[in-house]
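Reader: Could you walk me through this one, charges and core alike?

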Amino acid sequence: MGRSVSYPSRAIIAFTVLDVEAEDDWEFEYEWLRDDLCERAGRAFPSLIPHDGWRGREDRILMRNAYADFGVSVYGGLVAVWIVERDDGAYWDADWRTARSPRAQRWLSQIASRFDAMFGEYDCLGHMSNGEGVYAKRAA
């Protein structure tokens, strides 16, 4: 599979696909995917709470905790499920007073392998010179 999908820099990323059979079903399938991701992330990482927001124009924040944003980015049928240190004013204001960033990085490094195993169905093999990514489905 060759495509590109955006995601926040420094994020932990897991790749999957959004399989939509009919174009009319795209919005329903996307909503189902968001709900499913939030349910699984909430069970695995109970500190995450629902949050509706954006990082840039393409990366949708679905949940957040004191340290991180959890979200999804979609291009075509390729989906990047990601979690990354927060990057909003309230976070950095709190970090200035109590140094959250080192704790955030530690928490993210502790959950990285579990996050990938939980949400990833494809591996990114690399990128071509035009920026397109090359992805392969993981063995079951």
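The questions and answers below go through a predicted model.

Reader: Glad to have you here! Which side chain makes a polar contact with the side chain of Asp-59?

Author: Happy to help! Asp-59 lies in strand E4, residues 59-64. Asp-59 is buried yet has no salt bridge, and Arg-55, the nearest side chain of opposite charge, is 6.2 Å away. The polar contact, at 2.6 Å, is with the side chain of Ser-73.

Reader: Is Ser-73 buried or exposed?

Author: Ser-73 sits in strand E5, and its side chain also makes a polar contact with the side chain of Trp-82, at 2.9 Å. Residues that Ser-73 touches, leaving aside neighbours within four places in sequence, include Val-5, Tyr-7 and Leu-78. Its relative accessibility is 1%, and the cut-off for buried is under 20%. Therefore Ser-73 counts as buried.

Reader: Now the charged pairs. Which residues are joined with Arg-64 into one network?

Author: Let's build it up from the pairs. Arg-64 and Asp-69 meet in a salt bridge of 2.8 Å, N to O, and Asp-69 is buried at 1% relative accessibility. Asp-88 forms a salt bridge with Arg-64 too, with the closest N and O atoms 3.3 Å apart, and both Asp-88 and Arg-64 are buried. Through shared partners, the residues joined with Arg-64 are Arg-55, Asp-69, Arg-86 and Asp-88.

Reader: How many residues apart in sequence are the parts tied together by Asp-123 and Arg-138?

Author: This pair meets in a salt bridge of 2.8 Å, N to O. Asp-123 is partly exposed, with a relative accessible area of 32%, and Arg-138 is partly exposed at 23%. Asp-123 lies in strand E7 and Arg-138 in the segment after strand E8, so the parts tied together are 15 residues apart.

Reader: On to the nonpolar side. How many residues does the largest nonpolar core have?

Author: Nonpolar side chains tend to be buried together in soluble globular proteins. Here the elements giving two or more residues to the largest core are E2, H1, E4, E5, E6 and H3. Leu-37, Phe-45, Phe-70, Ile-83, Phe-115 and Phe-119 have the most contacts inside this core. Its size is 23 residues.

Reader: And at which residue does helix H3 bend?

Author: Helix H3 covers residues 100-119. Its buried residues are Ser-101, Ala-104, Trp-107, Leu-108, Ile-111, Phe-115 and Phe-119. Phe-119 is in contact with residues including Leu-37, Phe-45 and Phe-70. The bend in H3, by about 45 degrees, is at Ala-112.

Conventions: Residues are numbered from 1 along each chain as its sequence is written. This is a predicted model: local features need pLDDT of at least 70, side-chain atom pairs count only at pLDDT 80 or more; totals for chains, interfaces and linings use all residues. Side-chain values use heavy atoms; hydrogens and water are left out. Helices (H or I, at least four residues) and strands (E, at least two) are DSSP runs, numbered from the N terminus. Buried means under 20% relative accessible area, exposed over 50%, partly exposed in between (1.4 Å probe, protein chains only). Lys and Arg count as positive and Asp and Glu as negative; His and the chain ends are not counted. A salt bridge is a side-chain nitrogen of Lys or Arg within 4 Å of a carboxyl oxygen of Asp or Glu. A polar contact is a pair of N or O atoms within 3.5 Å; within protein, one must be able to donate a hydrogen and the other to accept it, and residues adjacent in sequence count only if both atoms are side-chain atoms. The bend at a residue is the angle between axes fitted to the seven residues ending there and the seven starting there. A nonpolar core is a set of buried Ala, Val, Leu, Ile, Met, Phe, Trp, Tyr and Cys residues joined through side-chain atoms within 4.5 Å. Contact means heavy atoms within 4.5 Å.
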